[in-house]
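Work through these exercises with the sequence and the model side by side. Try each task before you read its solution.

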There are 2 protein chains.
Amino acid sequence: MSMNEPDFIAALRALPLHPGARGLADDCAVLTLGTETLVITHDMMAEGTHFRPDADMADVAWKLVATNLSDLAAKGAEPVGVLLGHMLGRDDARFIEGLRAALEAFATQLLGGDTIAAAGPRALGLTAIGRATHTPVPARSGAKTGDGVWITGPVGRAMLGFEGDSDHRAAFDRPVPLLAEGRALAPVVSAMMDVSDGLLLDAFRMAEASGVSLALDPSAIPVADPARLEECIRWGDDYVLLFTAAPAAALPVPAHRIGTVTPRGPAPLLLGDTALTDSASLGYRHG
Amino acid sequence: MSMNEPDFIAALRALPLHPGARGLADDCAVLTLGTETLVITHDMMAEGTHFRPDADMADVAWKLVATNLSDLAAKGAEPVGVLLGHMLGRDDARFIEGLRAALEAFATQLLGGDTIAAAGPRALGLTAIGRATHTPVPARSGAKTGDGVWITGPVGRAMLGFEGDSDHRAAFDRPVPLLAEGRALAPVVSAMMDVSDGLLLDAFRMAEASGVSLALDPSAIPVADPARLEECIRWGDDYVLLFTAAPAAALPVPAHRIGTVTPRGPAPLLLGDTALTDSASLGYRHG
């Protein structure tokens with residue numbers, strides 16, 4: 001029997017889980033060892049699903065690193081190193097170039113990995129390991145009633161870049177993980193995650209993990225194209241940080257308040273007067 | 001330009017490498033954090049290359065865990081947890097069953113990972129994280145002239161199992177990482193690795209990493225089928241431990257002495273009187 005993603009993840013949750021797995025409901029695993037706390041994540045990208053068969057493989061390598069480091073950023077972690085699972089194929093020299101650019105840009109290093117030769121569309125994996133700069137490590141599950149809901153920047157830029165808008169091309173091809181922002185925010189936030197699958201879907205997940213509702217004000221959400229608000233808040237790949245913070249918190253970085261955490265109501269998410277109850281309808285495109 | 005595996009790995013070595021990467025010439029990365037030392041590895045398995053399209057997915061899951069834990073075993077590390085990179089597909093419920101069996105058998109836990117849907121042959125990745133039980137963590141590079149060369153058990157069983165020999169079927173389908181043996185050996189050995197790609201090829205790699213030659217006595221190598229010695233020592237997937245130790249070392253586990261470490265000669269590997277200089281000829285089948 002093959003399974004869909006929610007069923008498969010539910011089955012994984014019934015396996016022996018490490019306490020640091022956070023119930024498989026966070027961006028990263030958190031591993032405490034003596035006096036150190038590690039933050040660890042693994043993401044895959046597949047040709048045809050996460051990148052186009054004609055994509056510049058340097059961009060693909062960059063994005064593989066950047067998306068994993070964005071998960072570390074959302075936990076306030078400082079990158080230590082990455083392990084690459086690589087399937088050989090077209091333009092591997094370009095892939096190496098993009099990998100080098102990303103490692104250098106984000107001050108991290110290659111720790112190891114595996115290289116295989118196989119037929120068919122390519123699948124690439126990356127494990128990123130970071131060191132927590134603040135404990136407790138921010139979770140998706142910490143949002144509290146009365147907190148403000150914030151994002152660090154506009155959503156929808158990656159969508160416009162994907163469509164060919166040259167002003168936003170880099171947002172799609174070469175996203176930048178907000179490592180410094182995440183580190184600055186970690187001591188201040190009550191919950192934090194990166195927006196990888198679309199603002200609405202990721203906010204829905206934060207509400208679910210926290211057992212609260214998030215009431216968002218659509219007019220307050222910064223978007224790359226105001227005429228296309230509904231798409232901008234459903235499209236993914238922007239990698240801004242979504243967080244909640246107590247009303248009195250002094251934020252160390254610029255951010256936009258987009259809503260308020262409320263007691264758990266019938267819907268995990270409110271967009272203005274619209275109750276959003278079904279996560280399946282929230283993602284416009286999953287990058 | 002696409003690249004072959006040696007060229008790609010050479011290009012990776014020219015990237016910013018973490019000191020714990022051991023020059024990408026060992027089974028695992030070694031990460032020292034405060035008073036703890038972590039041992040980390042990542043291996044991929046692809047349908048058509050590492051498992052047959054009709055394989056029992058429970059066996060595939062087991063093997064994915066077991067082969068990664070075998071890398072930890074070769075470093076004397078105790079498993080902490082694993083991150084799974086999973087591409088959804090046929091028989092995912094069976095995959096979960098095999099994953100559970102392996103996690104339980106080897107007393108480890110799921111830490112996290114990623115689940116994707118993609119077309120084409122499946123690729124699966126696993127990152128295993130262990131805690132070193134002895135430092136310095138054994139490397140491939142520590143073999144010294146005069147040391148004995150040892151393996152913990154016969155090679156060729158996986159080959160016979162792959163061919164359908166029911167006595168050896170489990171050796172191929174459900175290999176067992178030698179975690180207890182690796183922990184016992186770690187304080188005693190001068191170099192250690194697991195035999196995943198065939199005894200000759202892996203011994204060649206140890207010789208190269210150590211800057212020595214290994215002189216093996218073919219009549220001393222325990223093999224599953226003596227009539228097929230040449231195949232048994234080239235076939236992979238047996239996951240016994242290959243190690244070197246000083247002549248006076250008291251070995252804590254049963255092992256077979258198969259040779260001696262000699263000063264680096266023209267060939268990294270001597271099989272009786274035969275000098276083996278080209279690693280490309282050593283692997284019979286790469287599992």
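**Exercise 1. A strand with two partners.** Which residue of S9(B) is the bridge partner of Trp150(B)?

Solution. First, the ground rules. This is a predicted model, in which local features need pLDDT of at least 70, side-chain atom pairs count only at pLDDT 80 or more, and totals for chains, interfaces and linings use all residues. Residues are numbered from 1 along each chain as its sequence is written, while chains are lettered from A and ligands numbered from 1 in the order in which they are written.

Step 1. Find the strands; helices (H or I, at least four residues) and strands (E, at least two) are DSSP runs, numbered from the N terminus. The partner of Trp150(B) is Phe243(B).

Step 2. Look at the pairing, which requires at least two DSSP bridges between two strands. Strand S6 (residues 148–151) of chain B runs antiparallel to S9(B), with four bridges between them.

Step 3. Turn to the other partner. Strand S7 (residues 191–194) of chain B is also antiparallel to S9(B), again through four bridges. Here Met192(B) has Phe243(B) as its bridge partner.

**Exercise 2. Burial of that strand.** How many of the five residues of strand S9 of chain B are buried?

Solution. Step 1. Apply the cut-offs: a residue is buried if 20 or more other C-beta atoms lie within 10 Å of its own, exposed if 12 or fewer, and partly exposed in between, with C-beta atoms placed from the backbone.

Step 2. Count. Five of the five residues (241–245) are buried, so the strand is largely enclosed by the rest of the structure.

Step 3. Sort the directions. In a regular strand, side chains alternate between the two faces of the sheet. Leu241(B), Phe243(B) and Ala245(B) point one way, and Leu242(B) and Thr244(B) the other.

**Exercise 3. A five-strand sheet.** Which strands of chain B stand at the edges of the sheet S1-S2-S5-S3-S4?

Solution. Step 1. Read the order: S1-S2-S5-S3-S4 (chain B) is an open sheet of five strands with mixed pairing.

Step 2. Find the ends. Strand S1 (29–33) and strand S4 (110–116) of chain B each have a single partner strand, so one side of each lacks a neighbour in the sheet.

Step 3. Note the twist. Neighbouring strands of this sheet are turned by 20 degrees against each other on average, direction ignored. For such angles, axes are lines fitted to C-alpha atoms, for helices over the stretch in contact, and angles run from 0 to 180 degrees between N-to-C directions.

Step 4. Check one pair. Strand S3 (residues 77–87) of chain B is parallel to S4(B), with six bridges. His86(B) stands opposite Thr115(B).

**Exercise 4. The core.** Which residues have the most contacts inside the largest nonpolar core?

Solution. Step 1. Define the core: a set of buried Ala, Val, Leu, Ile, Met, Phe, Trp, Tyr and Cys residues joined through C-beta atoms within 7 Å.

Step 2. Name the residues. The largest core has 198 residues, and Val65(A) and Val65(B) have the most contacts inside it.

Step 3. List some partners; contact means C-beta atoms, placed from the backbone, within 7 Å. Beyond four places in sequence, the contacts of Val65(B) include Val82(B), Leu99(B) and Phe106(B).

Step 4. Go to chain A. Helix H2 (residues 57–73) and helix H3 (residues 92–105) of chain A pack at about 40 degrees, with axes 7 Å apart. Val65(A) is among the H2(A) residues that meet H3(A).

**Exercise 5. Two copies.** What rotation superposes chain B on chain A?

Solution. Step 1. Superpose by least squares on the C-alpha atoms of residues with pLDDT of at least 70 in both copies. The rotation is 180 degrees, with 0.0 Å of shift along its axis and an RMSD of 0.0 Å.

Step 2. Interpret. The two copies are thus related as by a two-fold rotation axis. In chain B, the C-alpha nearest the axis belongs to Gly120(B), 2.9 Å from it.

Step 3. Compare surfaces. Of the interface residues of chain B, 98% are also interface residues in chain A, so the copies meet through the same surface.

**Exercise 6. Backbone details.** Is Asp237(A) buried or exposed?

Solution. Step 1. Asp237(A) is buried, with 25 other C-beta atoms within 10 Å. Its phi is positive, about 75 degrees, although it is not a glycine.

Step 2. Asp91(B) also has a positive phi, about 60 degrees. Asp91(B) is partly exposed, with 18 other C-beta atoms within 10 Å.

How values were computed
Two residues are in contact if their C-beta atoms, placed from the backbone, lie within 7 Å.
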